[in-house]
Amino acid sequence: MTQKFLAILALVLLTAACGQSADDTDKATTLRMGNAGEPLTLDPAQATIANEDRIIEGLFEGLTVLNPEAKPIPGMAESWTVSEDKLTWTFKLRDAKWSDGVPVTADDFVYSFQRLMDPKTRSNYASLLYMIKNSQAVNTKGAALNSLGVSAKDLGTLVIELINPTPFLPALLSHWLAYPVPRHVIDKLGADWVKPGNLVGNGAFVLKEWQPNDFIRLEKNPQFHDAANVCLTELLIFPTTDPAAAARAVRAGELDTNATFAGQNREILKKELPGYVREAPYALIQYELFNLKNPKLKDARVRQALSLAIDRDLIASKIIGGASKPAFNIIPPDTLGYTGGPVTGMFEADLASRLASARALLTAAGYGPNKPLTLTLSHVTNGDTPRYVPILQNTWQQIAPWVKIELLGQDGQIHYSQVQRGDFELANMGWYADYDDAKSFLYILESRSAEMNSGRYENPTYDALLAKADQERDEAMRAKLLRNAEEIAVKDAALAPVFFDTGRSLVNPRVTGWVDNKLNTHRTRWLCTKEAEAKRKATKP
């Protein structure tokens, strides 16, 4: 957040205040939120990152929704039943309307799932829902859209057919990919349907303004099915790419929340902003991604050498700090139903010994004084990343004088777009759980995950283990299969895990309804303020 951005922020806040009633209720029910970056899109079928989720979640609601504790509860579906073989789910929809007053029906969900899987939509994330019958065939092989296993029994009943049991489906259906979108608007406006004044949703808020790289303004949706219980009337959302500047804005009262803060500043912030610092275990792994389409990285020995040489303890404990932990596997601790832990046989030696092993691996792969290994590490320029990527660079170059690593810092939009296109050599990345299950992390290395498998890792044994786990109904056996797959990926250096992060936010104590949870998800329909809560109590009969 630059000085120019802060000036824009002040102007926006003044403009918003001038447009409000003098009634204190308006101020009490407005939140100004830092989002850590600019969204690339507000189309649920196109979204891929958390900066988009934090906005889209207010505009739409799926069959289920996450409560303040990040547990799935009924959303657009009032209830559901599951067949004996666990493959057919039937959802009874509540009476609800789009923000333009048109009823939301089961046909809208059928259309939305078909649109998601339609190759013409080009959804990079569609593979997350490949457990739906015929979804992969529709998405990758041109099968008919109406062959997808999603159908409307009647206007108020939706049926979803699966190819394998998916006990976490209620959690998954709260994901933005499963949000309904308004066909009656999209057919009329095409790609312009997501613009302010055009976007019609079924969530707690509606989109009023979007000034790219400046701010986004949402207002309460009076057509929302639970509008009576939505406290906030307005959200102002800012792309706060500089955590230090955002913290200053929070301190000055210009922001009520910010999606992150710099780890090294936690103790200072705790003293300067008592009660604002929120940090909790988070289902998030930070890792270094290898582009396996790059000739230099196809050799597993090169990838293994780079993974061995990372000083995970230094980065996690000294640079990031707090409750962050070094990662010697892929799946974070405390993931529901999973107790894998560090992969053995790779990282037990001290750093000097691992550097020697890395040098031997690179030498065996043909690198040396006459053939140096040169690579570029791409990374975002915000958050804690710029503080620890130089450590990666330095340690990798300690392997041997002929190892040269260049750092390429970029804006998040450019970085993530290039990674998904495969336009990188090494990339600093993070992945957080879409749902509380080990598969949510192993998914990013599965061949069929397409663009979301950004490193283009392909291992038939790994894929087969995940496919078998999908069909396995015994929880202990399923966990074992997933563990076996994880061990293969780590030893093959499909990626290099670095550390398990924590959820870090700055939240003004006036904000209520904010509950720390391991998905670091805070749906705005549940948020309120102490002032508004007090007024509600005072006006109750």
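**Exercise 1. The second largest cavity**

Which residues lie nearest the centre of the second largest cavity, and how many residues line it? Then give its volume and the classes of its lining.

Solution. The model is predicted.
- Step 1: 16 residues line the second largest cavity.
- Step 2: nearest its centre lie M131, F168, Y435, K439 and D470.
- Step 3: the volume of the second largest cavity is about 140 Å³.
- Step 4: its lining divides into eight nonpolar, three polar and five charged residues.

**Exercise 2. The largest cavity**

State how many cavities of 30 Å³ or more the count gives, then describe the lining of the largest cavity.

Solution.
- Step 1: the count comes to seven cavities of 30 Å³ or more.
- Step 2: the largest cavity holds about 300 Å³ of space.
- Step 3: its lining has 22 residues, and R54, A259, W514, N520 and H522 lie nearest the centre.
- Step 4: at least two lining residues come from each of β1 (30-34), α3 (50-59) and β11 (257-258). Helix α3 gives the largest share, five residues.
- Step 5: by class, the lining of the largest cavity has nine nonpolar, nine polar and four charged residues.

**Exercise 3. The two largest pockets**

For the largest and the second largest pocket, find the volume, the residues closest to the centre and the make-up of the lining.

Solution.
- Step 1: the largest pocket contains about 1,100 Å³ of space. It is lined by 49 residues, with A50, N51, Q286, Y416 and G430 closest to its centre.
- Step 2: the elements that each supply at least two residues of this lining are α3, β12 (277-290), α13, α14 (412-421), β16 (426-432) and β17. The lining of the largest pocket is made up of 21 nonpolar, 20 polar and eight charged residues.
- Step 3: the second largest pocket has a volume of about 700 Å³. Its lining has 32 residues, and closest to the centre are P167, F168, L336, D437 and E475.
- Step 4: α6 (169-172) and α17 (475-491) give two or more residues to the lining of the second largest pocket. The largest share, four residues, comes from α17.
- Step 5: this lining has 17 nonpolar, three polar and twelve charged residues.
- Step 6: compare with Exercise 1. F168 is among the residues nearest the centre of the second largest cavity, and F168 is also among those closest to the centre of the second largest pocket.

**Exercise 4. Helix α11**

Which residues of α11 (residues 312-320) are buried, and how are they placed around the helix axis?

Solution.
- Step 1: taking buried as under 20% relative accessible area, the buried residues of α11 are R312, I315, A316, I319 and I320.
- Step 2: viewed down the axis of α11, these residues fall within an arc of 120°, so they line one face of the helix.
- Step 3: a general rule fits here. An α-helix has 3.6 residues a turn, so residues three or four places apart point the same way.
- Step 4: the buried residues of α11 pack against α9 (266-272), α10 (300-308), β13 (325-326), α13 (385-397) and β17 (495-507).
- Step 5: just after α11, G321 has a positive phi of about 70°.

**Exercise 5. The nonpolar cores**

Identify the residues with the most contacts inside the largest nonpolar core, and list what L158 touches.

Solution.
- Step 1: the largest nonpolar core has 151 residues, and F113, L158, I160, W396 and I399 have the most contacts inside it.
- Step 2: leaving out residues up to four places away in sequence, L158 touches L63, W89, T90, F91, A106, F109, V110, F113, V150 and S151.
- Step 3: another core, of 14 residues, lies apart from the largest; F215, A247, Y276 and V277 are among its members.

Key:
Residues are numbered from 1 along each chain as its sequence is written. This is a predicted model: local features need pLDDT of at least 70, side-chain atom pairs count only at pLDDT 80 or more; totals for chains, interfaces and linings use all residues. Side-chain values use heavy atoms; hydrogens and water are left out. A nonpolar core is a set of buried Ala, Val, Leu, Ile, Met, Phe, Trp, Tyr and Cys residues joined through side-chain atoms within 4.5 Å. Buried means under 20% relative accessible area, exposed over 50%, partly exposed in between (1.4 Å probe, protein chains only). Contact means heavy atoms within 4.5 Å. On a 1 Å grid over the protein atoms alone, a cavity is a set of points where a 1.4 Å probe fits but cannot get out, and a pocket is an open set with protein on both sides within 12 Å along at least five of seven lines; lining residues have an atom within 4 Å of a point. Grid points are joined across faces, edges and corners, and a volume is the space filled by probe spheres set on the points. Ala, Val, Leu, Ile, Met, Phe, Trp, Tyr, Cys and Pro count as nonpolar, Asp, Glu, Lys and Arg as charged, and the others, Gly among them, as polar. The arc is that of the directions from the helix axis to the C-beta atoms.
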